[in-house]
Amino acid sequence: MLRTPSVPPSPAGAVGPVRPRPDAHLALRPAPAAIDAGFWHARRATNARTSLPQGPGLLEAAGNLHNLRLAAGSAEGAFQGSYPFVDTDVYKWLEAAAWQLAQGPDDALAADVDRIIALVAAAQQPDGYLNTWFQLVKDDERYQDLRWGHELYCAGHLIQAGVAHHRATGRPELLDVAVRFADHIDAVFGPPGSGRLLDGIDGHPEIETALVELYRETGERRYLGLAAYFVDRHGHGLLGHDAYCQDRVPLREATDVEGHAVRQLCLLAAATDLAAETGEPRLRAAAERLWHAMTTAKTHLTGGLGAHHDQEDFGDPYELPTERAYCETCAAVACVQWSWRMALLTAEARYSDLIERTLYNGFLAGVSLDGERWLYVNPLQVRDGHTDPGTDQSARRTRWFRCACCPPNVMRLLASLEHYLSSTDGDGLQIHQYVTGTYTGDGITVGARTDYPWNGTIALTVDNAPEDRPWTLSLRIPHWCREFRVRCGTDSYDRTDAPVTDGWLRLRRVWAPGDQVVLELALDPRLTAADPRVDAVRGCVAIERGPLVHCLEQVDHPGGGLDDIVLDPTRPLAVKQRPDLLGGITTVVAAGRRRRIPDVGWWPYTPYSPFLSAGASSTETTRADETAAAAESPAEGEPLELTAVPYYAWANREDGSMRVWLPTS
């Protein structure tokens with residue numbers, strides 16, 4: 001009989017989703033923060049007021065809760081749902097609700113959480129196993145379809161929910177369920193020669209990072225060993241040497257991210273957790289190598305990941321399509337989670353740079369402004385005349401999905417966002433993301449006021465500090481920022497003389513309560529070009545301002561769609577405050593034209609005059625030159641003021657075309 005550990009109480013709200021052990025090999029430690037007002041406070045309020053309360057009703061309508069009642073023997077009927085992993089939607093919602101309860105009391109939400117936890121506990125089998133699909137439909141086939149059954153994937157999200165509920169409320173009910181399931185898994189799975197029944201891995205990594213966090217919560221080292229076993233066994237052909245399931249090559253030997261994007265990211269988050277807890281240099285080196293490979297050649301401007309709808313795959317290096325970009329919302333969530341672990345492991349600012357880009361763009365686009373509708377995929381272009389049936393992989397917002405992994409994933413990241421903002425290192429406080437609120441750690445409290453990302457001024461006040469001891473306040477200077485100025489007491493710096501190293505502005509002194517720092521980041525709008533190896537957007541530019549990627553929507557450009565619009569890069573960009581639009585935004589205004597596309601008959605391709613063969617007749621050359629000039633010259637088109645809105649806010653008005661990358665000629 002395996003020993004179930006005695007779980008110590010966890011003070012409410014004390015820690016977030018990542019709580020390294022005291023002896024972990026980390027450069028930084030996560031520090032608590034509070035978000036009191038501003039951009040992210042508003043988005044989180046919508047999450048708390050609208051998205052989360054709708055969860056139980058949507059899970060009821062989709063049959064997820066019905067399945068739990070069936071497994072518990074308290075209802076009659078048939079399993080409902082299209083996939084064997086629908087339990088995870090419940091667990092992710094429970095995790096989101098737990099982090100929300102850590103913000104303060106909410107009687108209605110707490111009642112829903114208690115009711116659903118009771119359902120989950122009642123559905124668990126005596127030996128600890130819990131998966132409604134296999135209990136109700138395939139009861140004699142446990143762990144026989146590890147590629148598609150997702151039993152361990154479901155267990156991982158259950159464990160994360162149990163840890164979150166325990167950390168947020170101090171109550172053990174859901175964590176007890178998670179511990180029993182983890183003990184069952186530990187009794188079943190292990191390497192050859194271990195005496196376990198199975199040597200196997202799940203087709204969708206998730207259990208690995210959950211087990212590390214369960215070890216951190218309980219102190220039971222068996223769970224860390226089990227996590228290491230699962231990470232180590234990926235890439236050894238247990239699922240057929242398939243990149244889709246992260247089984248083609250062992251992680252320590254991998255040179256590129258590949259296969260299903262979310263699965264790869266979940267596995268890498270676990271590897272980073274293990275590197276933090278064990279100090280293994282090969283795991284750390286692999287994580288750093290693969291993050292670099294991902295960002296240099298497989299990441300969209302929005303921070304989105306995934307080039308292929310088929311198998312939700314990363315694609316090849318520099319294969320970054322626009323209208324067929326997959327960029328699953330869950331991949332954005334997983335990227336934030338992995339990059340945060342990398343930031344803590346290494347103290348390098350680039351990881352938090354990607355977190356910022358992903359949060360404001362590829363992630364936030366996944367939920368509508370009203371918190372009621374969702375995007376599973378996040379393309380960078382929707383064509384004129386695009387029609388879409390409203391499936392999971394739609395470019396139109398949907399109330400819920402048959403595979404509803406993304407909505408509760410968004411809910412849980414928004415509800416726990418304050419845990420991804422700041423850190424400590426024993427010598428000071430590092431501020432990774434800028435919000436109006438409070439950053440706290442190591443006896444230090446710093447208050448912040450800002451209208452970021454609409455305004456680049458961040459005013460910081462030291463509210464509490466150790467007496468007579470110098471410490472370092474580190475502020476991340478975003479990689480996109482061309483100019484900045486900081487005022488600290490009587491000192492003033494700009495980019496030419498500020499003490500910035502590796503993306504961090506480090507201010508070291510003996511601080512006293514009341515000391516102030518004002519950081520001013522220039523938010524001038526800018527045009528961005530892609531690496532020329534990205535064929536899909538060669539000859540195009542994108543509009544950015546601060547951390548926000550912008551896009552054009554058809555609704556703002558009457559008189560036609562967007563396919564014939566050309567941006568004039570020689571004209572300056574301007575900003576316009578629009579409190580009336582999309583909940584209050586700042587737009588970027590650019591100059592452009594509508595091209596006059598000539599009628600070329602039945603064949604849409606024409607000769608390009610510089611490359612006409614020497615044998616072409618003068619008549620043919622003249623006609624080709626005229627056609628090419630008419631097609632290529634924006635000067636032949638109608639002048640047009642272009643209105644670029646933040647990408648996160650697209651698809652919140654009428655359906656129509658959208659594009660991020662704009663041709664310049």
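## A walk through the pockets, core and sheet

Start by selecting α11 (281–297) and α13 (349–363): each of these helices gives at least two residues to the lining of the largest pocket. Before you go on, keep in mind that this is a predicted model.

**Stop 1: the largest pocket.** Keep those two helices on screen and add Thr295, Thr299, His300, Arg357 and His479. Of the 26 residues that line the pocket, these five lie nearest its centre. How much space lies in here? About 630 Å³. Now try colouring the lining by class: you should get 13 nonpolar residues, seven polar ones and six charged ones.

**Stop 2: the second largest pocket.** Next, pick Phe85, His260, Glu312, Tyr376 and Cys403. They are the lining residues nearest the centre of the second largest pocket, which has 34 residues around it and a volume of about 550 Å³. Which helices should you show around it? Go for α6 (151–169), α10 (261–278), α12 (329–346) and α14 (406–415), since each supplies at least two lining residues. α12 has the largest share, with four. Colour by class again and you'll find 15 nonpolar, 11 polar and eight charged residues.

**Stop 3: the enclosed spaces.** Time to look for cavities. The count comes to six of 30 Å³ or more. To find the largest cavity, select Gln160, Thr209, Gln337, Arg341 and Arg412, the residues nearest its centre out of a lining of 18. Now show α3 (87–101), α6, α8 (207–218), α10 and α12, the elements that each give two or more residues to this lining. Here the largest share, four residues, belongs to α6. The volume is about 200 Å³, and the walls are made of nine nonpolar, three polar and six charged residues.

For the second largest cavity, jump to Gln246, Val249, Ala254, Glu258 and Gln264. These five lie nearest the centre, and the full lining has 13 residues. About 100 Å³ of space lies inside. Seven of the lining residues are nonpolar, two are polar and four are charged.

**Stop 4: the nonpolar core.** Select Trp40 and Val120. Of the 192 residues in the largest nonpolar core, these two touch the most other members. Bring α12 back into view too: with 13 residues, this helix makes up the largest share of the core. Then zoom in on Trp40 and show what it touches further along the chain. Leaving out residues up to four places away in sequence, Trp40 is in contact with Ile35, Leu359, Tyr360, Phe363, Leu364, Leu414, Leu417 and Val435.

There's a second core to visit as well. This one is separate and has 12 residues, among them Val541, Ile543, Leu567 and Leu640.

**Stop 5: the sheet.** Finish by switching to a cartoon view and finding the open sheet of six strands. Read across it and the order is β1-β4-β5-β9-β13-β12, with mixed pairing. Which strands are at the edges? β1 (29–31) and β12 (500–501), each pairing on one side only. Now highlight residues 470–476 and 504–510, which are β9 and β13. These two strands pair in the antiparallel sense over seven bridges. For your last selection, click on Leu473 and look across to β13: the residue standing opposite is Leu507. What holds neighbours like this together? Strands of a sheet pair through backbone hydrogen bonds.

Conventions: Residues numbered from 1 in each chain as written. Predicted model: local features only at pLDDT ≥ 70, side-chain atom pairs only at ≥ 80, totals over all residues. Heavy atoms only, no water. Pairing = 2+ DSSP bridges. 1 Å grid on protein atoms, 1.4 Å probe; cavity = no way out; pocket = protein on both sides within 12 Å on 5 of 7 lines; lining within 4 Å. Points joined across faces, edges and corners; volume = space filled by probe spheres on them. Nonpolar A, V, L, I, M, F, W, Y, C, P; charged D, E, K, R; others polar. Core = buried A, V, L, I, M, F, W, Y, C linked by side-chain atoms within 4.5 Å. Buried < 20%, exposed > 50% of the residue type's maximum accessible area, 1.4 Å probe, protein only. Contact = heavy atoms within 4.5 Å.
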